[in-house]
Amino acid sequence: MNNLSAPPLFSSLPASVLARLKSGGWSGTPPALVLLGTEQRLYCIENKSILGVWPVSTGAAGFGNRENSGRTPTGLHRIHSAIGHDAPLGMAFKGRQATGEIILDSDDPTQDHITTRILWLEGLEPGFNQGTGVDTYNRYIYIHGTPQVSRLGQPASAGCVRMSGEEICHLFPLVGVGTLVLIIPSLES
């Protein structure tokens, strides 16, 4: 697995992170995802072990749940849909449908290519990330592949969570529909 090593800050999971996941019904298995915004990293955890950690790119506008904000939503989510199981590396998607175009590299910051795999998120907290004006699912927020790998590790997206195509291919079989996803800007959040 092509992972970064877990930074010392996250070498043991803080009780507050585990408590938030447990509030969503997580028992330690199956795996869950934790996105820590200050680190721009996505962690895949099971029990108290980190199965993988990957650099990501969250919203250039920061974190927030309001629709049309361009921000990455926070709080407890789950994967609603997993799209692109057999798509080749770099397959471009539009409206969650494969276009047939392969995009492996792009440095154009005006483009927000969705490639390789899509994990479509839905919020689980009514009035916060679920419901009118704040609904993660209706905002079409995904964890998805991107050809803009040079921008990973820094906020640069239009609100989604970007990963390299190779790394979302590593993550994809570890998770599935129903996997809990906790997005927190920082450990103090």
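Q: How much space lies in the largest pocket of this predicted model?
A: A pocket is an open set of points on a 1 Å grid over the protein atoms alone, where a 1.4 Å probe fits, with protein on both sides within 12 Å along at least five of seven lines. Volume is the space filled by probe spheres set on the points, which are joined across faces, edges and corners. For the largest pocket the value is about 250 Å³.

Q: How do the residues of the lining of the largest pocket divide into nonpolar, polar and charged?
A: Lining residues have an atom within 4 Å of a point. There are 17 of them, with Asp112, Ile114, Arg139, Tyr140 and Cys160 nearest the centre. Ala, Val, Leu, Ile, Met, Phe, Trp, Tyr, Cys and Pro count as nonpolar, Asp, Glu, Lys and Arg as charged, and the others, Gly among them, as polar. The division is eight nonpolar, five polar and four charged.

Q: How many residues of strand E2 are buried?
A: Strands are DSSP runs (E, at least two residues), numbered from the N terminus. Buried means under 20% relative accessible area (1.4 Å probe, protein chains only). E2 covers residues 41–46, and the buried count is five of six.

Q: Which residue in E3 is the bridge partner of Cys44?
A: Two strands pair if DSSP finds at least two bridges between them. E2 pairs antiparallel with E3 (residues 49–55) over six bridges. Cys44 stands opposite Leu33 on the E1 side, and its partner in E3 is Gly52.

Residues are numbered from 1 along each chain as its sequence is written. In this predicted model local features need pLDDT of at least 70, side-chain atom pairs count only at pLDDT 80 or more, totals for chains, interfaces and linings use all residues, and side-chain values use heavy atoms, with hydrogens and water left out.

Key: Buried < 20%, exposed > 50% of the residue type's maximum accessible area, 1.4 Å probe, protein only. Helix = DSSP H or I, 4+ residues; strand = E, 2+ residues; numbered from the N terminus.
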